[in-house]
Amino acid sequence: MKSWLNRTIGRQIMFAFYMIILTLVLTSAGVYFYTKNQVQDSRQELLTLNDHRTRATNLYESWQSLQYEMRGFVLLGDEAMLEEIERKKDAINRQTTWFEKNARYKEEEQYATDARALYSAYTERVMPSLTNYVAAKKDGDVTEPFLQMATLGKVTQAPQLDPDRKFNIKTKSAADMSSSIVDMETVFTDYRNSLNQQELAAQDKLGKQVNASQVLGFINLAVLLLIIALLVRPFVSKLTGQLRQLNRESSRLAKGEDATPIPVVNERDEIGELTTTFNQMAAAISTQKMQLVSSNDELQIQQEELVAQQEELQTQQEELEEALDITLRNETHLRYRNELTETLASRETLTAYPAIIEKLITITDAELGAIVFLEEDRYTDIVSYGMTVDQERKLLTSSMSLLERARMHKRAVRSTKQVTSDHPLPYPYSMYETVVPVMDPTTNTMIASIYLVRYRDQFNDDQTEEIWSFSRQLALSLLRMRVFDEIEREREKTSKLLHSIREAVIYIEGGKIFANKPLLALFHHPAHDQFNDDGLMTLDVKIEELAVQVDQHEAFLDYMDRVCSHEIPTEGLSLSLNKEERFVHVYAEGIDYGGRFRGTMLVLRDVTIETGIDRMKSEFVSTVSHELRTPLASIFGYTELMLAKDLPADRQQRYLTTIHTETQRLTSLVNDFLDVQRMESSQQQYHFKELDLANLIQEVAEFQAGSATHHQLSLETGDAPVRPVEADEAKMRQLFGNLINNAIKYSPDGGQVELRLEELDDRLRVTVSDEGIGIPRQALPELFGKFYRVDNSDSRKIGGTGLGLAICQEIVRAHEGLIHVESTEGKGSVFTVELPFVQAEVSLEEIVEASLSSNDHLRKHK
């Protein structure tokens, strides 16, 4: 066995490893099973004790519950409670029986015996006595209000009992029963205390067992260390000794020294084979070393020749790299110049100039720079690269800056400044600046300047001349940009003008149709909301689609056909759109520029308002003519009769009365026209005074009631007197006369006309309501307009000029009041007028007194 182990180091190491593992497993298993058994026994003991404690507690609680139930039974005499008492008695018997069967110690046996004795005493003596007592009380044999122990002893004959018994319950003495119950609690308490002591003993035993397990673990560890010391350490010492000797001799070989042969301890293991091989290798290296030393001298000579050749090749390579670098820089500069030239030739806005200044800095090997724009002797903008905001501000605001010098001399200027602070270098250095003006060749004035800075050296003449050439290209670019900006401004101005005019414009050129924003709104085109005011918009619809909205469809298409065939009509065309929703007047003009005809512009002027005014004037003339013709015809007819015939006096009187009435009607009509004219020209005069409006409205209502044969007029003012208003009495009579007359006139079938006065905080509200024909909802917004009359069959049957409500509104406005109407067609209307009360004059003393009173009130609340 030993010979087999010594053949390889791996077998020896694995043998020692297996021995350690086997020892560790065996000892650990023994400690584990021992500890496990001890802990299980202790845990089972603790569980048993806990179970006994729980059962003892349950038994105690059962006794308590039984006593409570028994007391309730004695107090109430309920038979159902007696059944519950029997159930609890059986439960106590089962629990006591369990303790009698499972008692393990002397204390438990004593506890079971005492519990049984208590059970017997209570069930055989106390419970029957209490039961008999309750029965006697029910039968009427016992009439006492409270339980007397003497009575309890009388109702139940006590059996012969052991005088030495533990629970000596006497039914004749309450104190004896209470002491026996205390003895019962003592028994339970003593038993629980014994259980606690046993639990503490079990816990102490468990702790000792855990400590014993720890001691066994330490013993196990000590045995393992002893095995390692006896078996592993000698083997490791032998193995590491041989390896250290091999390492020492290998280090000598690495340093170029000759190695000493190492003795072989065991030729059959790996260390012995390694030692033999090392000795052979050391001998071979020693032999080769002698050969290398002899050939080294030859190689040294060859190396010196190669070094000389390498230095010559290095010199040639550096010359080629320098030439290549110059070529690449020139190529890069040429590419940047071409890009800069293309940028200057193509860009037309300031957005390209950051790239321009960046390329210019790269071409001139500058560190930072800027293009400064000048307009009307003022620097308007700066585009910089590598400059801070503070540097830009100093460059623009300094009166002695290079920009001003270049502007004055109109040539390139240079400057050298020594920078001593706020720079990243640890020593002072210089910055070299140059400014090349960008001149307008037509006026020989500076329009911009190129500002460049670098730190290496000053700009030479060739570089300055190159910057001059770029400045001339930049001047052309700036001038072209100015022309482009001017064209854009003119185009924007033209676009704004086209879209700001109210007339709709259509421009037709080359088969395309262009339109402005008002045209889209006129024809309800969906693109109106997305219009961006950027020139005329190309319409994506045909003329025929627009003509659908034109009421005069054929006439519009004929007119457009003439326009599209370049036959410009000299006359205009009046049209209406969407069933007379809008009215327009169309005329066309030819557009010629560049010496030839280009297109046709159509202007559609919205004349809806003018058309409405013309219609209103026509209706007004017709209405006025009718209103004037009726009284004039009556006056003319009656006067002609009176002149032509000799009439009786009564008929002459009747005719004169009619003539007088018609003359008053005519006068009222003319007065309405004059009032409207004066109100429009702000020449109407008012005579304000304090006015009792309730009496005035009462008088007007009584006057109007005289001509209303089918109407009932009522006035409601409330119980309290109405405060006065400041108003013109004549205008108030005219105002409410018109409103009451309208209520009567527009109630042709009669009905109730109600007048109501209501006081608000600072205003008087007067409402005039009728049960007439009402007003359509769509007519309410225009109802107070001049000459406006509701356009329906019922209204046309009733005369009027359409001025009455307009005059009412002007009167109310002059009195700083409000007037509005609510109406339901077919049910009647309610006109509401609100007028301010007369403001009472308050003296200074009253104001001071009110202020002091208010302050006193606030202090009381605080």
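Three exercises with worked solutions follow, on a predicted model.

Residues are numbered from 1 along each chain as its sequence is written. Local features need pLDDT of at least 70 and side-chain atom pairs count only at pLDDT 80 or more, while totals for chains, interfaces and linings use all residues, and side-chain values use heavy atoms, without hydrogens and water.

**Exercise 1.** Find what average pLDDT the protein chain has, and where pLDDT stays under 50.

Solution. The pLDDT, which is the predictor's confidence in each residue from 0 to 100, averages 77 over the protein chain, and 80% of the residues score at least 70. Next, pLDDT stays under 50 over residues 850-855, which have zero contacts (heavy atoms within 4.5 Å) beyond four places in sequence. Where pLDDT is low, the predicted coordinates should not be read in detail.

**Exercise 2.** Work out how aspartate 390 and lysine 394 meet.

Solution. Their side chains form a salt bridge, with 3.4 Å from N to O; the rule asks for a side-chain nitrogen of Lys or Arg within 4 Å of a carboxyl oxygen of Asp or Glu. Because aspartate 390 and lysine 394 are four residues apart in helix H9 (residues 389-397), about one helical turn separates them.

**Exercise 3.** State how many salt bridges the rule gives.

Solution. Counting by this rule gives 23 salt bridges.

Methods: Helices (H or I, at least four residues) and strands (E, at least two) are DSSP runs, numbered from the N terminus.
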